[in-house]
Amino acid sequence: MYKRRRALGAYLGVLLAAVLLPGIRPIDDNVAWAALLPALVFLIVNQLISSYPSSIRTAPPLMLLILGAVGVVQDTLVWLLVSWIGSELESGLDVDGFLAALLGGVVVRLTVLALMAVGPQPSPDSA
């Protein structure tokens, strides 16, 4: 259940960043379809390098701040990777620069954390 919320949060975060931020725009005409490739990249990277607490509601605030900062840096680098992959495949999203990638990383991280905080929390052994 937690992994599904992270996947949905990644897709919704990418979609929100593409719609709200002027420095992130689709290479294709369809924003929803163009956000699919970056969301998959975010999902794969976040599965390989997980920087999320096991339970959002019971995590200490300092841990949330540290993991949030590490996560934003990770998501910023993923946005730059997504932009490079999109330019090579001529599909996906184009990111204008580091500032757009940083803001996109903040949007994605906050969206994922918000969706992880909603609903039942996993038990510590099944996270």
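**Exercise 1. Describe the secondary structure of the protein chain and the order of its elements.**

*Solution.* The protein chain of this predicted model contains 5 helices and 2 strands. Following the sequence from its start, these elements appear in the pattern α-β-α-α-α-β-α. Two further values describe the chain as a whole. It has 127 residues, of which 40% count as buried. Among the contacts with a separation of 6 or more, 81% are between residues 24 or more positions apart.

**Exercise 2. State how many salt bridges the structure holds, and determine which residues are linked in a network of them.**

*Solution.* The structure holds 3 salt bridges.

Step 1. Arg25 pairs with Asp94, and the closest N and O atoms of this salt bridge are 3.1 Å apart. The pair connects distant parts of the chain, since Arg25 belongs to strand S1 (residues 24-26) and Asp94 to strand S2 (residues 93-95), 69 residues apart.

Step 2. Asp96 also forms a salt bridge with Arg25, with the closest N and O atoms 2.8 Å apart. Here the loop between S2 and helix H5 (98-117), which holds Asp96, is linked to strand S1, and the two residues are 71 residues apart.

Step 3. Arg25 takes part in the salt bridge with Asp94 and in the one with Asp96. Arg25, Asp94 and Asp96 are thus linked in a network of salt bridges.

Step 4. The exposure of two members can be classified with the limits of 20% and 50% relative accessible area. Arg25 has a value of 37% and is therefore partly exposed. Asp94, at 25%, is likewise partly exposed.

**Exercise 3. Explain which helices the salt bridge between Asp75 and Arg109 ties together, and decide whether the two residues are buried or exposed.**

*Solution.* Side chains of opposite charge can pair when their charged atoms come close.

Step 1. In the salt bridge of Asp75 and Arg109, the distance from N to O is 3.0 Å.

Step 2. Asp75 is part of helix H4 (residues 61-89) and Arg109 is part of helix H5, so the pair ties together parts that are 34 residues apart in sequence.

Step 3. Asp75 and Arg109 are both buried.

**Exercise 4. Characterise the packing of H4 and H5 by angle, axis distance and handedness.**

*Solution.*

Step 1. The two helices pack at an angle of about 125°, and their axes are 7 Å apart.

Step 2. Angles of 65 to 115 degrees count as roughly perpendicular and those over 145 as roughly antiparallel. H4 and H5 are therefore oblique to each other.

Step 3. The crossing in which H4 passes H5 is right-handed.

Step 4. Residues of H4 that meet H5 include Gly68, Gly71, Val72, Asp75 and Trp79. On the side of H5, the residues include Ala101, Gly104, Gly105, Val108 and Arg109.

**Exercise 5. Classify the geometry of the aromatic pair formed by Phe42 and Trp79.**

*Solution.* The structure holds 1 aromatic pair.

Step 1. The ring centres of Phe42 and Trp79 are 5.3 Å apart and the ring planes stand at 70°, so the pair is edge-to-face.

Step 2. Phe42 lies in helix H3 (residues 36-48) and Trp79 in helix H4, so that distant parts of the chain, 37 residues apart, are linked.

Step 3. A residue counts as buried under 20% relative accessible area. Phe42 has a value of 0% and is therefore buried. Trp79 is also buried, with a relative accessible area of 0%.

Methods:
Residues numbered from 1 in each chain as written. Predicted model: local features only at pLDDT ≥ 70, side-chain atom pairs only at ≥ 80, totals over all residues. Heavy atoms only, no water. Salt bridge = Lys/Arg side-chain N within 4 Å of Asp/Glu carboxyl O. Helix = DSSP H or I, 4+ residues; strand = E, 2+ residues; numbered from the N terminus. Buried < 20%, exposed > 50% of the residue type's maximum accessible area, 1.4 Å probe, protein only. Phe/Tyr/Trp six-rings, centres within 6.5 Å; stacked < 30°, edge-to-face > 60°. Axes fitted to C-alpha atoms, helices over the stretch in contact; angles between N-to-C directions. Parallel < 35°, antiparallel > 145°, perpendicular 65-115°, else oblique. Left-handed = near helix turned anticlockwise from the far one by under 90°. Contact = heavy atoms within 4.5 Å.
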